[in-house]
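Me: Could you take a close look at the empty space inside this structure, meaning its cavities and pockets, and tell me what surrounds that space? Please add whatever else bears on the side chains and the backbone.

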Amino acid sequence: MTDTPEDAYLRRRALRAGSAGPLLLTGLGVAYVVSGDYAGWNFGLAEGGFGGLAIAAVLMGLMYTCMVFALAELAAILPTAGGGYGFARRALGPWGGFLTGTAILIEFVLAPAAISIFIGDYVESLDLFGLTSSWPVYLGCFVVFLAIHLWGVGEALRFSLVVTAIAVAALLIFAFGAFAEFDASGLDDIPVDGDAFGSSSWLPFGLMGIWAAFPFGMWFFLGVEGVPLAAEETRDPARTLPRAMAWAIGILLVLAVLTFIAAAGAGGSAAVQDAGNPLVTALEPDGETTALSRFVNYAGLAGLVASFFSLVYAGSRQLFALSRAGYLPRFLSLTSRRKSPYLGLLIPGALGFGLAAATGDGARMLNVAVFGATISYALMTLSHIVLRRREPELPRPYRTPGGVVTSGIAFVLALAALVATFLVDRDAAFIALGVYAVAAGYFAFWSRHRLVAAAPEEEFAALAAAEAELARD
C-alpha cells in the first residue's frame, strides 16, 4: 500500500515509542525540579521571611499537586508529545493551544540557559578544570548533553535517572547533617519591617511578603508538569503517566519540606536568604569548610546537571509538537534515524547558549521562565475544567480526584502566582510578554492558516468538532 502524503509527513516526524516506563518517568519528573532544592528558593526568605516563604511554599505545593492530578487525567486522554498544547487545543481551540504551548516553550527554553549559567558559577567556585571564565562551561553543557539526547531517548532518560538519584541522595544526607545542627531560633532571625502590614518575627515583611514569595515557593516544584511531554515515548502511557506523575510530586513534596526546614534551621534564615549556595552556607555557619559541606557542594552540581538535562528534553518535545502541527516552522520537527528531533534540540540549544554567554543573567532568565510557566498552568488547568464541563462522556482512563474542584484550586493559585511575578521582577514579566506578543503575531498572520490536520493533537480536536456537529444535527 502506498503511503499518503500525511503518512510520509508523520513518518519523518516519529519519536521512539515505548522507551520509558514508570521509573524513568518518575526520575524525569524529579530531575526537572531537583536543582531548585539546591538554590533559588532561599531568595524567597528575603521577600517573605521564614513564615512568608513557608506559607507560599505550602500554597504552591498545593497548586502543583492539584495541577499534576489534573494533567494526569488529560495526559491519559491525549498521550502525545504536545502535552499542555494538546490539552488546551482540544478545550480552548487553536489560539488556546498555541498560547499554552508557547508559554511552555518559554519556560523550557530559557530555564536550561539559566541553569547552564549556574553550572558555570559552580564549576568556577569549586575551581574545577582551572576555569576562570564560565562561557566554556555553558558551551560544554550544551554540546555534551545535547549529544546524549541525540543518541536516543532511552539513553538520555537513563543518564538523567542516575544523576538525579545522586542529587536526591545528597539532599537526604544534607538534611540528616543539618538537622543535627538545628536551632529553631534561627528560623525567624530576619529583622522585622515594622512598617509592613501584619509584620511579625515570622512574617518580617508582612502579609504581602507571602504573595511576593510565591515565585520562590514554586522553585521546589517548577518543571514537574513536563512529564506528559514524554507521552509518545512511554510504554502504556494512559497507565504509566498518572502513576509516574503522582510519585514524582510526592517525592518533591518530601524533599521541599526537608530542605527548607533543615537549611533555615541549621544556618539561620538571615544567613541563607541571599546565598547563592544556601545548603553549603547552612552547613558552614562559621565559614569553615567541612567534609559534608564540600560533598553537598559537588552534589549541587549534579542537581543542576539533572535539571539542565531534563529541561532540554522537555523543550525539544514541546517545540517538536508545535512544529509537527504547523504552529511553528515544520522543519523543526524532523527526526533522525534514532528518532530524536535533532533540530528541535540543536536550535533551542544554540539559542540558550547564546543567551547565557551574552547576558550571564541566570536569575532574570529564570524569572522569565517562571512567568511563562504560570501562564501555562492557568491555561492547562482551565482546559481540564472546560473538558469536564463540555465533554463529560469523554473516555477517561484516569480521573482526577476531586474533579474540577481540584483543577479549580490550581487555576486560582496559578493566577495568583502569575500576578506575583510582577512583584518580584517586573522587567522579566514584560520581557516574557514581549516574546509572547511576537509569537502571537506570527501565529495570527502566518501559521494559523497552515496547521497540519494530520498531527495527533489536531486530529483529536477535529474529532471533537465533528462529534459536536453531529450532536447538533
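Reply: The model is a predicted one, and it holds three cavities of 30 Å³ or more. The largest cavity has a volume of about 100 Å³, and among the 13 residues that line this cavity, Phe-108, Pro-112, Val-312, Pro-348 and Gly-349 are the closest to its centre. Two or more lining residues of the largest cavity come from each of helix H5 (84-125), helix H6 (135-151), helix H13 (291-324) and helix H14 (342-359), with H14 giving the most, namely five residues. In terms of class, the lining of the largest cavity is made of eight nonpolar and five polar residues, and no charged residue takes part.

The second largest cavity encloses about 60 Å³ of space. Its lining consists of Pro-215, Asn-367, Val-370, Phe-371, Thr-421, Val-424, Asp-425, Ala-428 and Ala-429. Helix H15 (362-390), helix H16 (404-424) and helix H17 (426-445) each provide at least two residues of this lining, and the largest share, three residues, comes from H15. Here the division by class is six nonpolar, two polar and one charged; the charged residue is Asp-425, since Asp, Glu, Lys and Arg count as charged.

Turning to the open spaces, the largest pocket has a volume of about 620 Å³. This pocket is lined by 26 residues, and those that lie nearest its centre are Leu-105, Ile-106, Val-109, Leu-351 and Val-435. H5, H14, H15 and H17 are the elements that give two or more residues to the lining of the largest pocket. Of the lining residues of the largest pocket, 22 are nonpolar, two are polar and two are charged.

The second largest pocket holds about 430 Å³ of space, and of the 24 residues that line this pocket, Ala-39, Phe-118, Trp-219, Leu-304 and Leu-366 are the closest to its centre. At least two residues of the lining of the second largest pocket are supplied by each of helix H2 (22-33), helix H3 (35-38), H5, H13 and H15, and the largest share, seven residues, comes from H5. The lining of the second largest pocket has 16 nonpolar, six polar and two charged residues. H5 thus appears among the contributors to the largest cavity, to the largest pocket and to the second largest pocket, while H15 appears among those of the second largest cavity and of both the largest pocket and the second largest pocket.

As for the aromatic side chains, the count comes to 24 aromatic pairs. One of these is formed by Phe-422 and Phe-430, whose rings are arranged edge-to-face, 5.7 Å centre to centre and with 75° between the planes. Phe-422 is partly exposed, at a relative accessible area of 26%, and Phe-430 also counts as partly exposed, at 49% relative accessibility. One aromatic cluster brings together Trp-41, Phe-50, Tyr-64, Trp-202, Phe-220, Phe-221, Phe-260 and Tyr-377. Two arginines are placed over rings: Arg-13 lies over the face of Tyr-9 at 3.8 Å from the ring centre, and the charged end of Arg-450 sits over the ring of Trp-446, 3.4 Å from its centre.

On the cysteines, a search of the whole structure finds zero disulfides. Cys-66 is buried, with a relative accessible area of 8%, and Cys-141 counts as buried too, at 5% relative accessibility.

The backbone deserves a comment at two places. Most residues other than glycine have a negative phi. Asp-236, although not a glycine, has a positive phi of about 50°; this residue is placed in the loop between helix H9 (214-217) and helix H10 (237-267), and Asp-236 is partly exposed, with a relative accessible area of 42%. Lys-339, likewise not a glycine, has a positive phi of about 65°; Lys-339 is found in the loop between H13 and H14, and counts as partly exposed at 30% relative accessibility.

Finally, Glu-459 belongs to helix H18 (residues 456-472) and is partly exposed, with a relative accessible area of 46%. Glu-459 and Ala-325 are 134 residues apart in sequence, whereas in space they are 9.8 Å apart, C-alpha to C-alpha.

Methods: Residues are numbered from 1 along each chain as its sequence is written. This is a predicted model: local features need pLDDT of at least 70, side-chain atom pairs count only at pLDDT 80 or more; totals for chains, interfaces and linings use all residues. Side-chain values use heavy atoms; hydrogens and water are left out. On a 1 Å grid over the protein atoms alone, a cavity is a set of points where a 1.4 Å probe fits but cannot get out, and a pocket is an open set with protein on both sides within 12 Å along at least five of seven lines; lining residues have an atom within 4 Å of a point. Grid points are joined across faces, edges and corners, and a volume is the space filled by probe spheres set on the points. Helices (H or I, at least four residues) and strands (E, at least two) are DSSP runs, numbered from the N terminus. Rings of Phe, Tyr and Trp (its six-membered ring) pair if their centres lie within 6.5 Å; planes under 30 degrees apart count as stacked, over 60 as edge-to-face and the rest as tilted. Buried means under 20% relative accessible area, exposed over 50%, partly exposed in between (1.4 Å probe, protein chains only). A charge sits over a ring if NZ of Lys or CZ of Arg is within 6 Å of the ring centre and within 35 degrees of the ring normal. A disulfide is a pair of cysteine sulfur atoms within 2.5 Å.
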